[in-house]
Amino acid sequence: MLISCTGINKFYQGRQVLKSLALTIENQDRIGLVGNNGCGKSTFLRILTEQEIPDRLDTEEPAISKTPHLRIGYLAQNAGLDGSKTVHEEMTAAFAPLLEAQARMRELETAMHSGLTDAQSEEYTRLSAYFETNGGYSTDVRLKTVLYGMGFSEADLPRTVSGFSGGEKTRLALCKLLLESPDLLILDEPTNHLDFKTVGWLEDYLKDWKGALLIVSHDRFFLDRLCTSVCELEQGVLTRYRGNYTAFTKLRAEAKERQQKEYDAQQKEIAKLEDYVARNLVRASTSKSAKSRIKQLDKMERVDKPFSEQKSAKISFTYAVTPPIDVLEVRNIDLTVGSGVSQKTLMDGISFAVRRGEKIGIIGENGTGKSTLLKVLRNIIPHKGVVRWAAGTRLGCFEQESESLNPYATVFDELHDRYPTLSDFEVRSLLGQVRLTGENVFKETGVISGGERAKLCFAILMMEHGNVLLLDEPTNHLDLATKEVLEEALAAFDGTILFVSHDRYLLERIADHLLILDDGRLERFQGKFSVYQDQIKRKNEAQQAAAAVEKQKKASETAKSNFRSKQQRSEDAKRRKYQKELEQETDTLSAEESELNASLSDPSIQSDYEKMQEICTRLEEIRMRQDEILEELILLEDANA
């Protein structure tokens, strides 16, 4: 057991958002936490991480127990990074305990010259063992390995965190958590702002995570791939289901149906008993049995009525002025981030046009300039080139981080201040359309959930009546029900839409054109997102096939090269052996020649004509053979050279 909590209650402005929650997390657990926006998921995570304190009830004492020395890593929706620090500073902070130990070791090493006490020597030994055991000597390597694996480069290390996009900040925060290697990793909407490639990498990485996972996400594909159980937070009550998200939806529907049947059966029984009591309580002959029925009703354990989903949001976008056919002309613009010496050009010389009614999805990896492009189109950041909107064009804009909201204004005041001519009733009605109701409308925008801020932005967007919508990650933070409503509204909108998104379903449903930002280039694709994906898949498969053929070809050439090399080495060995044999033969022939020349001085040989003839013939053969050997040795030397 890593952590166990019971009796977790929480109230906000008199409303109970968490009701006696209980959850136990074991090592290697893979838990998905789901629920509608504003149901208290992030609040529960903050309680688990001790950023908030649960409320105490007279009848129930909250209890959170953790295994000793439990290390929890929490990836919050706002990334939790210090924007003023550099990437290297933020990542290095993950090794704070190791760096503190190293600093103390340096102090002790300096003191060694004057001698250490026994306590200091023991401390140094302990710190050295801790530093080495926990990889203190490899922190720089680990830091770069994780950063590079998440798509960053060495050039990003000195950059300040504030200069990165939302998706890059999320990846940086995740990098920091991975470097910290916590026992329990808690992720709040980790796929928000992530591109397709990074989501796939994150899924693969977390499948091999050694510790436990607790994930809040509205991405059902992500939950399906990772989770072994799903906890639903509904009406303040936490219910746990075994299996992934698909299994959860099936089990939840079955549980709701079963509870409804039990509730209906009990209500019939209650009605029957109450009717009997009403008819027989006042009659003396039946009063006793009626009172028995009352006791039976009092002892009955009531089945709760299944919670019925609240009404879905109502989102629609309308406009009064129809713009010309040619809505937008973009010519030779540049996309830059940062300023001064840290300014970086992402793209240059971009040109494209947009016609009325087109719905264009803007895709690309994080940091390629998608959000920057929307800001250039709105003329809110300086740029080169021309951005010309047609007369009669009215823009409606949705920002992914809700930057235009005043964090200290209430939800009600934020909308009313923008449109002061609206009555209080009209403001409440509009907020009710996006399911911002009750006390939620009097909360500050800085404390409501990300999904609730998004809904407020959609209420504002509906009031703008734009005939062109510029949307930056519109489905981030939204629950599944609200996503479906938004998709219906965008599909029904007959104006022009340019939107940045990593939501695969939204892109497929809405976009009829794509602008792809990749490697400093902009490519336009006409067609659905699935067609583009199929095209990319075929292209990748063709590249992989070509790479496989090339690899096989190189392997074959290498094998031949290795074979030739072995054959060459064998031939060289044979030549060296033959050369040695020739040299040995030369020595033998020289010795024999000396012997024969010496024998010619022997009187007995000189008097024997036949013997003299044999010796002279042999000497001639030796000289001829020596000449042959000399020529062969010369040839062998040339071959070896």
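**Exercise 1. Surroundings of Ser 20**

Determine which residues Ser 20 touches, not counting residues up to four places away in sequence, and decide whether Ser 20 is buried, exposed or partly exposed.

*Solution.* The model is predicted.
- Step 1: Ser 20 touches Gly 7, Ile 8, Asn 9 and Glu 60, once residues up to four places away in sequence are set aside.
- Step 2: The residue belongs to strand β2, which covers residues 15-25.
- Step 3: The relative accessible area of Ser 20 is 36%. Buried means under 20% and exposed means over 50%, so a value in between is classed as partly exposed. Ser 20 is therefore partly exposed.
- Step 4: For a view along the chain, take Arg 625, which lies 605 residues from Ser 20. The C-alpha atoms of these two residues are separated by 108 Å.

**Exercise 2. Classification of Glu 90**

Establish whether Glu 90 is buried or exposed, and state which residues it is in contact with, leaving aside neighbours within four places in sequence.

*Solution.*
- Step 1: Glu 90 is located in helix α2, residues 87-92.
- Step 2: Its relative accessibility is 3%, so Glu 90 counts as buried; the cut-off for this class is under 20%.
- Step 3: Beyond its sequence neighbours within four places, Glu 90 is in contact with Leu 81, Asp 82, Lys 85, Val 161 and Lys 176.

**Exercise 3. The sheet of β10, β11 and β13**

Work out the order of the three strands in this open sheet, and explain why β11 and β13 each have one side without a neighbour in the sheet.

*Solution.*
- Step 1: The order is β11-β10-β13, with antiparallel pairing.
- Step 2: β11 (344-355) and β13 (386-389) stand at the edges and have a single partner strand each, so one side of either strand lacks a neighbour in the sheet.
- Step 3: Direction ignored, neighbouring strands here are turned by 20° against each other on average.
- Step 4: Strand β10 (residues 326-337) is joined to β13 by four bridges, the two running antiparallel. Leu 328 has Trp 389 in β13 as its bridge partner.
- Step 5: Helix α11, residues 370-377, lies across β10, β11 and β13 and runs at about 125° to β10.

**Exercise 4. A nonpolar surface patch**

Identify which residues form a nonpolar patch on the surface together with Ile 294, and classify Ile 294 by accessibility.

*Solution.*
- Step 1: The patch consists of Leu 281, Val 282 and Ile 294, whose accessible area together is about 260 Å².
- Step 2: Ile 294 sits in helix α10, residues 287-299.
- Step 3: With 30% relative accessibility, Ile 294 counts as partly exposed.

Key:
Residues numbered from 1 in each chain as written. Predicted model: local features only at pLDDT ≥ 70, side-chain atom pairs only at ≥ 80, totals over all residues. Heavy atoms only, no water. Pairing = 2+ DSSP bridges. Axes fitted to C-alpha atoms, helices over the stretch in contact; angles between N-to-C directions. Contact = heavy atoms within 4.5 Å. Patch = residues over 30% accessible without salt bridge, like charges linked within 9 Å, V, L, I, M, F, W, Y side chains within 5 Å. Areas by Shrake-Rupley, 256 points an atom, 1.4 Å probe, with all protein chains shown as cover. Salt bridge = Lys/Arg side-chain N within 4 Å of Asp/Glu carboxyl O. Buried < 20%, exposed > 50% of the residue type's maximum accessible area, 1.4 Å probe, protein only.
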